[in-house]
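Colleague: I am new to reading models like this one. Could we go through the charged pairs and one helix?

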Amino acid sequence: MSILFKGRSQGASSRKIGFVQSIVMFFVSHVRQALSSLGELWRQPAASLMTIGVLGLSITLPSTLYIMVKNTEKITAGWEQASEISLFLKPDISAASSQQLVARLNTWEEIDSVVFIPADDALKEFQHLSGLGDAIAYLQSNPLPDVVLVTPIDKHATPNTAKTLLDKLKQQREVDIGKLDIEWLERLYAVIDIASDLVTFIGILLFFAVVLIIGNTIRLNILNKHDEIVVMKLVGATDAFIHRPFLYTGFWYGLLGGLMAWFAVIIILWWMDSSIQTFAAMYQKDFNITGLTGTALLTMLGLSITLGLLGSLISVQRHVRQIEPK
């Protein structure tokens, strides 16, 4: 009985050791093939750098444009005056009625803030900005009305929603004229939409080109190792074992290309920073470019690695299967 139990225990232990060894060998095999594919790139530096450079620069352009568009959206989000609505009140409206209008508008969920400018304050501001000076004093009466400045919330700051809000404000009994520069808003958002669509279109074209370039590079590697692949198939190597080095080559192309794109974006934005600061100073704005974060780096690396693996996978699936021992 003890001998039988001992034999079962040894059998279970050997199976356990065999399972652990298979797991270890699986990872060892992957590491070995990954390092071997990296060594292949190192032994062909010129060809490898050209492929990595094409991949990196192809990702650099849409990434830079994307960051610039996002920063443009950030700038425009701070230009609240672009969607600010000016309400000119009727001349016969009393101060109490004006305050009631301001209090009523403050309760609207579409409105972020309401500022009341009395006619006397508006005249003083006009006198200061116009440079007319004492000439204003010769006016017999103040020709300017009381003004209420309404700033919508972000959700209602787009051209269509701001126009709808303006129409609603015009219906208030105290309002004589309502003004909103709809054309400026429409031009502003139209330019941003065009830029976003352009970035998407250019990105898709360049990513498609990257997949083709990586696929063609892997195809050449497969053809160079034709005889080696035939021998591996003769000795019973699995498809996964044969495919793996080429997939790791695509992985390294993607990883190194993504890092190159990241450094290229940093250099481009650093080069443009002085021009951007000069432009911002013209509008009395302090602006710092955002987007060069760890999340952006991981996104670029993930995208470039995916493109590299996709190109290599397509090439491997198509060309390795065509190689068969005669």
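Modeller: A salt bridge is a side-chain nitrogen of Lys or Arg within 4 Å of a carboxyl oxygen of Asp or Glu. This is a predicted model, where local features need pLDDT of at least 70 and side-chain atom pairs count only at pLDDT 80 or more, while totals for chains, interfaces and linings use all residues. Residues are numbered from 1 along each chain as its sequence is written, and side-chain values use heavy atoms, without hydrogens and water.

Colleague: How far apart are N and O in the salt bridge of Lys 168 and Glu 110?

Modeller: Lys 168 sits in helix H5 and Glu 110 in the loop between H3 and strand S2 (helices are DSSP runs of H or I, at least four residues; strands are runs of E, at least two; both are numbered from the N terminus). The two residues are 58 apart in the chain. Their side chains meet with an N to O distance of 3.0 Å.

Colleague: Is Glu 174 buried or exposed?

Modeller: Buried means under 20% relative accessible area, exposed over 50%, and partly exposed in between (1.4 Å probe, protein chains only). Glu 174 has 2% relative accessibility, so it counts as buried.

Colleague: Which residues are linked with Glu 174 in a network of salt bridges?

Modeller: Glu 174 pairs with Arg 104 at 2.8 Å between the closest N and O atoms. Glu 174 also meets Arg 173, at 3.6 Å. The residues linked with Glu 174 in the network are therefore Arg 104 and Arg 173.

Colleague: What is the distance between the end C-alpha atoms of helix H9?

Modeller: The expected span is 1.5 Å times one less than the number of residues. For the 26 residues of H9 that should be 38 Å, which agrees with the end-to-end C-alpha distance of 37 Å.
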